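Here is a short report on the structure below. Read it with the model open.

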Protein chains: 2
Amino acid sequence: MDNLPKGIVNIIEFFSKFQGIGKKTATRMALSLLNKTPEYHSNFSKSIANLSSSVSECTQCFHLCDKNAELCFVCINEFRQKNILCIVESALDLLAMEKSNTYKGLYFVLGGVISPMDGIGPEEIRVKKLINHLEKNIYDEVIFALSSTMEGESTTVYITDLLTKKSLAKNITRIARGISLGSSIQYTDENTLQRAYMGRSKV
Amino acid sequence: MDNLPKGIVNIIEFFSKFQGIGKKTATRMALSLLNKTPEYHSNFSKSIANLSSSVSECTQCFHLCDKNAELCFVCINEFRQKNILCIVESALDLLAMEKSNTYKGLYFVLGGVISPMDGIGPEEIRVKKLINHLEKNIYDEVIFALSSTMEGESTTVYITDLLTKKSLAKNITRIARGISLGSSIQYTDENTLQRAYMGRSKV
């Protein structure tokens, strides 16, 4: 890294801090910026500088929204089904669900899953806010769409218990766990197959 | 993309313009920035804004160097062998050669390879500047280290012809083409094996 000007090394360091971006990719990215105009650099730079001041959280579901907006694109949409709520971990997961183009109800973004190993307990994510939300709003169905990891599964169980105890949701469901589309049985791991078998449905 | 605030969409667009960064990675990168402080954003932003004003080209070999420096880290190093010149395509290739820790001479960065399909002729890269350089400086050996692609190979041949005609270099070589370390013969493509066979040397 002593072999490049400081101005580039700075940028490489920033780029390589992104998850999944190694030193090599970061170097390639930084050097490719040299082929752009100073005006391009200035626009790019401004978009990063203005990030915090241009983005806010939806006051209802905690998805991201514009700073001056109170509600996100889902909550503001009058055509969404207001009687079902889908609990997701993050904005990225919400976008993935939206892309699947099936769910038309409202969301609640938890902001993480419970993970004692990483020091993330119920206090670190929006469990209390979810309870507040469910005390004020009644839904016909509350759907958990958390990742099928140890942490995701135990967060689903933990919150379900809580909601049941407080009688805050009558109908709690979770999205199906099974073999993914296009995957062959022989390459599917045994836990997934187990789940898929247990979740079998009529043809 | 209508599902995210404009401030983030802007950044996603910039990130996804980098080669090898798809929309999904760009989105993940942009959202991960939200977990950083405004101060971090400001520093990141400044490093990009200042890029053009902080980076320059070495007046001798055209590698990148600090704005106020005239020579890059190679040309300024008095311990380098001044009698051999290695021709590389880009700053990235120069860094790769340096990492291999074998070559201790000087470089000349061509700034591309001749590629008629992409409209890149000898005028678009530093062929004239290389000739100027070789008219002023005499080397015992000029080594081509261009990529082993059609374009790299033909650029090597084109410039070698030119230098031979003008009697600008007495000893022109190219780095060896053969099987890469750790690769097995059965998976090596026939062209590489052909080259490796032709380039065989005594054990």
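Helix 6 (residues 127-136) of chain A lies across strand 3, strand 4 and strand 5 (141-144) of chain A. Helix 6 of chain A runs at about 180 degrees to strand 3 of chain A. Keep in mind that this is a predicted model.

**The sheet of chain A**

The sheet under that helix is open. Its 4 strands come in the order 4-3-5-6 (chain A), and the pairing is parallel. Strand 4 (106-109) and strand 6 (172-174) of chain A are the edge strands; each pairs on one side only. Neighbouring strands of this sheet are turned against each other by 25 degrees on average, direction ignored.

The pairing can be followed strand by strand. Strand 3 (residues 84-88) of chain A is joined to strand 4 of chain A by 4 bridges, and the two run parallel. Within that pair, A:Leu85 has A:Leu106 of strand 4 as its bridge partner. Helix 5 (residues 91-100) of chain A also packs on the sheet, where it touches strand 3 and strand 4 of chain A. The direction of helix 5 makes about 155 degrees with that of strand 4 of chain A.

Strand 3 of chain A also pairs with strand 5 of chain A, again in the parallel sense, over 4 bridges. Here A:Cys86 has A:Ile143 of strand 5 as its bridge partner. Strand 5 of chain A is in turn joined to strand 6 of chain A by 3 bridges, and these strands run parallel. A:Val142 stands opposite A:Ile172 in strand 6 of chain A. Helix 7 (residues 150-165) of chain A belongs with this pair: strand 5, helix 7 and strand 6 of chain A make a right-handed β-α-β unit.

**The sheet of chain B**

Chain B has an open sheet of 4 strands in the order 4-3-5-6 (chain B), with parallel pairing. Strand 4 (106-109) and strand 6 (172-174) of chain B stand at the edges with a single partner strand each, so one side of each has no neighbour in the sheet. From one strand to the next, the twist averages 25 degrees.

Strand 3 (residues 84-88) of chain B pairs with strand 4 of chain B in the parallel sense over 4 bridges. In this pair, B:Leu85 stands opposite B:Leu106. Helix 5 of chain B lies across strand 3 and strand 4 of chain B, at about 155 degrees to strand 4. Helix 6 (residues 127-136) of chain B packs on the sheet too, touching strand 3, strand 4 and strand 5 (141-144) of chain B. Its direction makes about 180 degrees with that of strand 3 of chain B.

**How the two chains meet**

How does chain A relate to chain B? A turn of 180 degrees, with a shift of 0.0 Å along the axis, lays chain A on chain B with an RMSD of 0.1 Å. The two copies are thus related as by a two-fold rotation axis. In chain A, the C-alpha nearest the axis belongs to A:Ser45, at 2.1 Å. Of the interface residues of chain A, 100% are also interface residues in chain B, so the copies meet through the same surface.

**Cores and a buried helix**

The largest nonpolar core has 82 residues. Those with the most contacts inside it are A:Ile8, A:Phe15, A:Phe44, B:Ile8, B:Phe15 and B:Phe44. Beyond its neighbours within four places in sequence, A:Phe15 is in contact with residues including A:Ile21, A:Phe44, B:Phe15, B:Phe18 and B:Phe44. Another core, of 38 residues, lies apart from the largest one; among its members are A:Cys65, A:Leu130, A:Ile143 and A:Leu168.

Helix 2 (residues 23-33) of chain A has buried residues A:Ala26, A:Thr27, A:Met29, A:Ala30, A:Leu31 and A:Leu33. Their cover includes helix 1 (6-15) and helix 3 (38-49) of chain A. From chain B, the cover includes helix 2 (23-33), helix 4 (51-54), strand 2 (64-66) and helix 5 (91-99).

**Two loop residues with positive phi**

Neither residue in the table is a glycine.

| Residue | Phi | Loop in chain B | Relative accessibility |
|---|---|---|---|
| B:Asn101 | near 60 degrees | between helix 5 and strand 4 | 54%, exposed |
| B:Ser167 | about 50 degrees | between helix 7 (150-165) and strand 6 | 62%, exposed |

Conventions:
Residues are numbered from 1 along each chain as its sequence is written. Chains are lettered from A and ligands numbered from 1 in the order in which they are written. This is a predicted model: local features need pLDDT of at least 70, side-chain atom pairs count only at pLDDT 80 or more; totals for chains, interfaces and linings use all residues. Side-chain values use heavy atoms; hydrogens and water are left out. Two strands pair if DSSP finds at least two bridges between them. Axes are lines fitted to C-alpha atoms, for helices over the stretch in contact, and angles run from 0 to 180 degrees between N-to-C directions. Contact means heavy atoms within 4.5 Å. A nonpolar core is a set of buried Ala, Val, Leu, Ile, Met, Phe, Trp, Tyr and Cys residues joined through side-chain atoms within 4.5 Å. Buried means under 20% relative accessible area, exposed over 50%, partly exposed in between (1.4 Å probe, protein chains only). Copies are superposed by least squares on the C-alpha atoms of residues with pLDDT of at least 70 in both. A crossover is right-handed if, with the strands pointing away from the viewer, the path from the first strand over the helix to the second runs clockwise.
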